[in-house]
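Me: I am new to this structure and would like to learn how to read it. Could we take the features in turn?

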Amino acid sequence: MDTKNKLEKNSLMKEALFQLKGNKPAIVGFVIIVSFIIMAFFSPFLTPFEPETQDISIRKMAPFISSHILGTDDLGRDLLTRIIYGSRISLTIGTISVGISLTFGLLIGLISGYFGGWVDRIIMRFIDIMLAFPYILLTIVIVALLGPSLINAMIAIGISQIPSYARVVRASVLAEKENDYVMAERSLGASDKELMFKSILPNCIAPIFVQATLGVGNAILSSAALSFLGLGAQPPTPEWGLMIASSREFVTSAWWIVTFPGIAVLLTVLGFNLLADGLRDVLDPRMKS
Amino acid sequence: MIKYILKRLSLLVPTLFGVITLVFFMIALAPGDPARVMLGERANAQAVEKLRHELGLDKPLLTQYGLYLKRVVKLDLGKSIKTGQKVSEEIRDHFPATIELAIWAMIFSTIVGIFIGVLSAIKKNSWIDFGSMATALVGVSMPVFWLALVFIMIFSVKLDLFPTGGRMNIRFYFTPITGLYVLDGLIILFKSGDSSIILSALHHMVLPAIALGTIPLAIIARITRSSMLEVLNQDYIKTARSAGIKERRVIYRYALKNALLPIITVIGLQFGLLLSGAILTETVFAWPGLGKWLYHAIESRDYPAVQGGIIVISTTFVLINLVVDILYSVVNPKIRLS
């Protein structure tokens, strides 16, 4: 029974991967993401410069004319180097905050959907209240209360995304638990815990996976926004949003300091959005248009 | 119908109560003493104690909560610590700017978004379709504040077409009537034939509205496309076509009308989000709205102002969602029956 299950799952995964191969936007997204991951891992090998070393003698150097390919910023730091190192920060924020929302969202959604009744009602009421706060506002408030820092930004982004994960999980648990196999396993004496985590959860993974992929992109956008408002990373961290924020005074004099960090955010988020779109098409046939 | 609306309205009270409660406890239980934070690290203990007393922070938490609820029900949001003014008055002064910006951003994104979505659906799989959907995807992947800066760089600094910020040329002084400057300008134009106010207001509106409207525009375009594709596949459209009805009429009169349902929901949801998204756009464009005001309140740890601002924005958000839900049930009877 178990091996058969595994085989079936494997072939499903294979089929999904095969379909994903035919999905051009998803491949583009995947390539973008992998490139940024490589950038993050091998940052020191990709650039001869240091991200935080200042050199006033070469400040605001224009791009494409020297060894500083994307130019330098107002303190003479190499812009490309800062963008490369910035990928470490953005990907970390993306992964950790999605990790936070995923862990709690999964647990809450699973409990709420599985047990139903008053447990479900109380949890959903609370989730509704959290959803009554516009997402970015909730994030800003949490981080403002905890104090501005990169770690707090991750926590805030993670917390404010919990409700949407909980909802997605709950919806698929509700649909899944009516299936015959759940009844069958229950009648064979499976405990609640076994049913929740071993039987139902693995079958709800698809929509959660899509949501998490989208979530990484969203988290990167939010962290850039928080840093832009001075609530996230603090100088001289090479965080993309912070780089855009500190470039504000140079809109009249040095376009590259404004432009390139924004393109880095845009590309990364685009990568995750493309991949998520592709995953949704493959994993969730109902969503296909 | 009325039963459905009443049911939705009855849910509103506990939600708002929950919002107020959550805001109160989030701020009350946040690490650090608000009085100490407000006065700075070097303030002497006596001053801190005095402020704590003034703010009622020396009372037990539940008493504070009860007092707070009592005040909020009477629409008294307390006094701003920074300015000493009533929070409700400050919000009243800043809200119209945000509403006006959000309305124009929404008008822009709805018109352009539906147009692009319909076009993509009709020309499915053409280069127009791929091009606009790719652009839409780029649109949702962009940091809004960055786009705003790029706009300023290109259209204000380089081409000198639009102002870099503000709501109005400071040379024109006038007493706001509604607080919505374009509307005020229109009223003045009718009253005295002076067009300078409305022109200046519109001129200042263009860049912020487009920047703020970009994400909703992209989302509306994507939803319109998929909703239209679904409807266009249905039999009655084929029947209409085979009956020889003009294509334009089939699309706008028969298809779009039915495709509008999900679009309405998205528009409503986006409008609510715009109010809070404005915090970034307003900061970049020096737009004197609620978002920028709230940002400064957060920056200076002006807790009564922060509490009031969040409550007002969230309440507006909840109310807009409610209106959307009701509208939706009016056009789609299936919802209220289930």
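Me: Where does Glu49(B) sit, and is Glu49(B) buried, partly exposed or exposed?
Reply: This is a predicted model, so keep that in mind throughout. Glu49(B) belongs to helix H3 of chain B, which covers residues 45-55. To judge burial, count the other C-beta atoms within 10 Å: 20 or more means buried, 12 or fewer means exposed. Glu49(B) has 13 such neighbours, so Glu49(B) is partly exposed.

Me: How far is Glu49(B) from Arg36(B)?
Reply: There are two ways to look at it. Along the chain, Glu49(B) and Arg36(B) are 13 residues apart. In space, 8.9 Å separates their C-alpha atoms.

Me: What kinds of elements make up chain B?
Reply: Count helices and strands. Chain B has 14 helices and 0 strands. Read from the N terminus, the order is α-α-α-α-α-α-α-α-α-α-α-α-α-α.

Me: What are the overall dimensions of chain B, and what share of the chain is buried?
Reply: Take the principal axes for the dimensions. The C-alpha atoms of chain B fill a box of roughly 85 × 55 × 40 Å. Of the 338 residues in chain B, 40% are buried.

Me: Which contacts in chain B join residues at least 24 apart?
Reply: Begin with contacts between residues at least 6 apart in sequence. In chain B, 72% of these join residues at least 24 apart.

Me: How is chain B divided into domains?
Reply: The domain assignment gives two ranges: domain 1 (8-73) and domain 2 (89-337). Their C-alpha centres lie 34 Å apart. Where they meet, 12 residues of domain 1 of chain B are in contact with 12 residues of domain 2 of chain B.

Me: Which helices supply the domain 1 side of that contact?
Reply: Look for helices that each give at least two residues. On the side of domain 1 of chain B that touches domain 2 of chain B, these are H1 and helix H2 (34-39). H1(B) gives the most, with 8 residues. By class, this side has 10 nonpolar, 1 polar and 1 charged residues.

Me: How many residues does each chain bring to the contact between chains A and B?
Reply: Chain B brings 39 residues and chain A brings 34 residues. On the chain B side, several helices supply at least two residues each, among them helix H1 (2-28), helix H9 (196-232) and helix H13 (303-331). H11(B) gives the most, with 8 residues. The chain B side divides into 29 nonpolar, 9 polar and 1 charged.

Me: What sign does phi have in most residues other than glycine?
Reply: Most have a negative phi. Leu75(B) is not a glycine, yet its phi is positive, at about 60 degrees. Leu75(B) lies in the loop between helix H4 (61-73) and helix H5 (87-122) of chain B. With 7 other C-beta atoms within 10 Å, Leu75(B) is exposed.

Me: What is the phi of Asp160(B), and where is that residue found?
Reply: Phi of Asp160(B) is near 55 degrees, a positive value. Asp160(B) is in the loop between helix H7 (144-158) and helix H8 (181-192) of chain B. Asp160(B) has 8 C-beta neighbours inside 10 Å, so this residue counts as exposed.

Me: Is the peptide bond from Pro235(A) to Pro236(A) cis or trans?
Reply: Most peptide bonds are trans. The one from Pro235(A) to Pro236(A) is cis, with omega near 5 degrees. Pro236(A) is in the loop between helix H10 (205-228) and helix H11 (240-246) of chain A.

Technical notes. Residues numbered from 1 in each chain as written. Chains lettered and ligands numbered in written order. Predicted model: local features only at pLDDT ≥ 70, side-chain atom pairs only at ≥ 80, totals over all residues. Helix = DSSP H or I, 4+ residues; strand = E, 2+ residues; numbered from the N terminus. Contact = placed C-beta atoms within 7 Å. Nonpolar A, V, L, I, M, F, W, Y, C, P; charged D, E, K, R; others polar. Domains from an automatic or database assignment.
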